[in-house]
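User: Please take a close look at one part of this model, the enclosed space inside it. Then work outward to whatever else helps to place it.

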Amino acid sequence: MKPLNLNLVFVVLFFSLAPNTARADQGSPLALGPFEVLGSGDGMVMVGAGEFNAFRQRDPGEVGASSELNLEYRFGKKFFYLGFAAGGLANTDGGKFLYLGSYADIRYKKIVATPLLSVGAYGRGSGPDLGGTLQFRSSLTLAYEFVDGSRFGVRLAHISNAGIYDENPGANEVLITYAFPF
């Protein structure tokens, strides 16, 4: 039996949290009890630093964790409360991942949760072999939003090929993030 694919779990959570109803004013938040799904606004630049291939039980000789930098732009214009993002990451093993995806912003008081689902191209360098070039990335960022709209937080992410290649080890990421309106 195959293990549960974390990307599938994130997809289900992402679309269950994102509303399916259109509103005429996409700039206004959509209230869901104490939560708000944020509409269109300013674009955001996000910079993150942390660990690539984290939390992995490794066999002897297997590639370990490496440091990572992540740069991402989230477009401010949203459609049905979903925005588009483009980004890239690089790790100290020479690995690179460029991606395009979709995100939502869900606010509770001053905390903003940003789930992001993306697809991209992975080049391993001397890092872990993730099975092939085409990869999917799911992430969740929890951030504190300051008065000026900037956000400081933590991101958990998972890259996987979703079983389209013979090997599918996946890689986890843990990042400290800072995002600012742009």
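Analyst: Start with the lining. The largest cavity is lined by Met46, Arg74, Thr114, Thr141, Ala143, Arg151, Thr177, Tyr178 and Ala179. The model is predicted. Two elements give two or more residues each to this lining: strand 9 (134-145) and strand 11 (171-181). Strand 11 contributes the most, with three residues. By class, the lining has four nonpolar, three polar and two charged residues. The volume of the largest cavity is about 50 Å³. Across the whole structure, one cavity reaches 30 Å³ or more.

Next, an open site. The second largest pocket has a volume of about 250 Å³. It is lined by 17 residues, and the closest to its centre are Leu38, Gly39, Gly41, Asp42 and Arg151. Arg151 thus appears again, since the cavity lining also includes Arg151. The pocket lining divides into five nonpolar, six polar and six charged residues.

Thr141 of the cavity lining leads to alanine 113. Beyond its neighbours within four places in sequence, alanine 113 is in contact with Ala104, Asp105, Ile106, Leu140, Thr141 and Leu142. Alanine 113 sits in strand 8 (residues 111-123). Is alanine 113 buried or exposed? Its relative accessible area is 18%, so alanine 113 is buried; the cut-off for buried is under 20%. Alanine 113 also lies 9.6 Å from valine 37, C-alpha to C-alpha, although 76 residues separate the two in sequence.

Now the loop that precedes strand 11. Asparagine 161 lies in the loop between strand 10 (151-160) and strand 11. Its relative accessibility is 0%, so asparagine 161 counts as buried. Leaving out residues up to four places away in sequence, asparagine 161 touches Leu130, Gly131, Leu134, Gln135, Phe136, Glu167 and Asn168.

Turn to the rings. The structure holds eight aromatic pairs. One of them joins phenylalanine 35 and tyrosine 108: the ring centres are 5.4 Å apart and the planes stand at 45°, so this pair is tilted. The pair connects distant parts of the chain, with phenylalanine 35 in strand 2 (residues 35-37) and tyrosine 108 in strand 7 (residues 106-108), 73 residues apart. How accessible are the partners? Phenylalanine 35 has a relative accessible area of 39%, so it is partly exposed. Tyrosine 108, at 37% relative accessibility, is partly exposed as well.

A further pair is edge-to-face. Tyrosine 73 and phenylalanine 75 lie 4.8 Å apart, centre to centre, with 90° between their planes. Tyrosine 73 is partly exposed, at 25% relative accessibility. Phenylalanine 75 is partly exposed too, with a relative accessible area of 42%. Ring pairs join Tyr73, Phe75 and Phe182 into a cluster. In sequence, Arg74 of the cavity lining falls between the two residues of this edge-to-face pair.

One ring also has a charge over it. The charged end of arginine 137 sits over the ring of tyrosine 99, at 4.9 Å from the ring centre.

To return to the cavity: strand 11 gives the most residues to its lining, and strand 9 is the other element that gives two or more.

Key. Residues numbered from 1 in each chain as written. Predicted model: local features only at pLDDT ≥ 70, side-chain atom pairs only at ≥ 80, totals over all residues. Heavy atoms only, no water. 1 Å grid on protein atoms, 1.4 Å probe; cavity = no way out; pocket = protein on both sides within 12 Å on 5 of 7 lines; lining within 4 Å. Points joined across faces, edges and corners; volume = space filled by probe spheres on them. Nonpolar A, V, L, I, M, F, W, Y, C, P; charged D, E, K, R; others polar. Phe/Tyr/Trp six-rings, centres within 6.5 Å; stacked < 30°, edge-to-face > 60°. Helix = DSSP H or I, 4+ residues; strand = E, 2+ residues; numbered from the N terminus. Buried < 20%, exposed > 50% of the residue type's maximum accessible area, 1.4 Å probe, protein only. Lys NZ or Arg CZ within 6 Å of the ring centre and 35° of its normal. Contact = heavy atoms within 4.5 Å.
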